[in-house]
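Please consider the structure shown below with attention to its charged side chains. The paragraphs that follow lead through several of their pairings.

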Amino acid sequence: MIKPVRGTRDLLPPDTDLWNRVEAKVRAIFARYNFHEIRTPIFEDTSLFSRSVGEETDIVSKEMFTWEDKARGQSEKAQSLSLRPEGTAGIVRAYIEHRLGDAGTLQKLYLIGPMFRRERPQKGRYRQFYQIDAEIIGPPTAGSESPARDAEVLEMLATLLDEVGLRDWKLQLNSVGCAVDRARYNKALREALQPVVHQMCADCQRRAETNPLRVLDCKVPEDQPIIDRLPKISQYLDEPCREHFAAVRAMLDEVGIPYSINERMVRGLDYYTRTTFEFTHGGLGAQSAVLGGGRYDGLSELLEGPKAPAIGFAIGEDRLILALQSQGEQARENLQAFVAPLGSGMNRHALKLARELRRAGISADLGDENFRLKKSFELAEKAGAKYIVIIGENEVAADQFAVKDLASGEQVQIPRANLAAHLRK
Ligand code: HAM
């Protein structure tokens, strides 16, 4: 028997009802904040990710699904391709490709879809997982650099998590500064690491040389006390970055969104500048980040595009669903009616009645004329129906139907014309 590939999984009903409910709510919220959907390819040129996310990150150095795509015919060249490990790089590539900045306004884009990382699978961590990603990107003249955009994004996220019903989320905030600050901070880290790095794990020893900031991502328990004593990024922010961060926090305070500062949170991708953030939830265990994001003011230029400061985030949809389920969120959408034909020749009448109900917006499922009444009741209950509607010869003749409320047991006769209204109650 062929098994699913490690780290992939099938999403089945009734869980998919919850996935769809969350996505419908999220799309409605995005529309209220004037975000519009973008769909980018699932695979791209490998160098898009290695340049954007960074060669030294875990994502690029260990986790990408990459293959050499052979040339077909003389007009094509062999090319290294990768499944997208995240959405931001592809969105910025599309922004440059289609000159979306030429409009002179902010682009507010969202993307929902699968991402791929070859991580060690565990609860909340898969090799194919889903992100709900949103980005605000545009020329500086459109206000893309303003701390007001950071605050708008964070306020939207707080509203989004509240409205999908997630309780007790926590927001952690940091600023990783601009390129100049980062260079100074990296230098300070390198110096501080020099006398201690030989006690650290092999990854940290390499990163201390190539990209010391990435040492802060280390999860090895023995390295943590050393990392805790390293210099803090806040000491290396220049005045404009300090002011930008202060303005973001002041706006969050104004609208009453609680947060805590976590100076070790540098995020596992190299493109970030200034504000970075994560929202966590206690119901998730070790993989507690429901979502992460931040500002990336230099990415467009790094990819040879125009200056286009930006901020965005990606929700781990698998984790959001797990967190909702950990609070007892019910998956199944309730079926309103189970139409039970009783006796031979009744299937066609039942189909006609179900058609009327479904066209009136009632969710209805159908039994079969060969089923005994007892079996129809069992099926209606298994389907979680609110009502069973019985349709036999007498009902067809009288054009009214026996309707039983399966929770209360109450049974009434309802004329065809009033049936949809009754079931909707
Ligand atoms: P990220 O922190 O790498 O950021 O991923 C965002 C979220 O995706 C995580 O917080 C987590 O919920 C989920 N996630 C990541 N890896 C896995 C996995 N293996 N299994 C399940 N869920 C996972 C980014 O991807 C950035 N592109 C976010 C961003 C957008 N920053 C600016 N704009």
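Glu44 is a buried residue, its relative accessible area being 8%, in a model that is predicted. The carboxyl side chain of Glu44 has a partner: Arg93 joins Glu44 in a salt bridge, with 2.6 Å from N to O. This pair connects distant parts of the chain, since Glu44 belongs to strand E2 (residues 43–45) and Arg93 to helix H4 (residues 88–97), 49 residues apart. Arg93, with a relative accessible area of 25%, is partly exposed, because buried residues must fall under 20%.

A second pairing involves two helices. Between Asp203 and Lys62 there is a salt bridge whose closest N and O atoms are 3.0 Å apart. Asp203 is found in helix H7 (residues 202–210) and Lys62 in helix H3 (residues 58–62), so this salt bridge ties together parts that lie 141 residues apart in sequence. Both residues are partly exposed: Asp203 has a relative accessibility of 24%, and Lys62 has one of 41%.

A third salt bridge brings together the side chains of Asp228 and Arg264, at 3.4 Å from N to O. Here Asp228 sits in helix H8 (residues 224–228), while Arg264 is in the loop between strand E8 (260–261) and strand E9 (273–281), 36 residues apart. Asp228 is partly exposed at 46% relative accessible area, and Arg264 is likewise partly exposed at 24%.

Salt bridges with shared partners also form one network, which joins Glu56, Asp58, Lys62, Asp203, Arg206 and Arg207. In total, the count for the model comes to 27 salt bridges.

Definitions and conventions: Residues are numbered from 1 along each chain as its sequence is written. This is a predicted model: local features need pLDDT of at least 70, side-chain atom pairs count only at pLDDT 80 or more; totals for chains, interfaces and linings use all residues. Side-chain values use heavy atoms; hydrogens and water are left out. A salt bridge is a side-chain nitrogen of Lys or Arg within 4 Å of a carboxyl oxygen of Asp or Glu. Helices (H or I, at least four residues) and strands (E, at least two) are DSSP runs, numbered from the N terminus. Buried means under 20% relative accessible area, exposed over 50%, partly exposed in between (1.4 Å probe, protein chains only).
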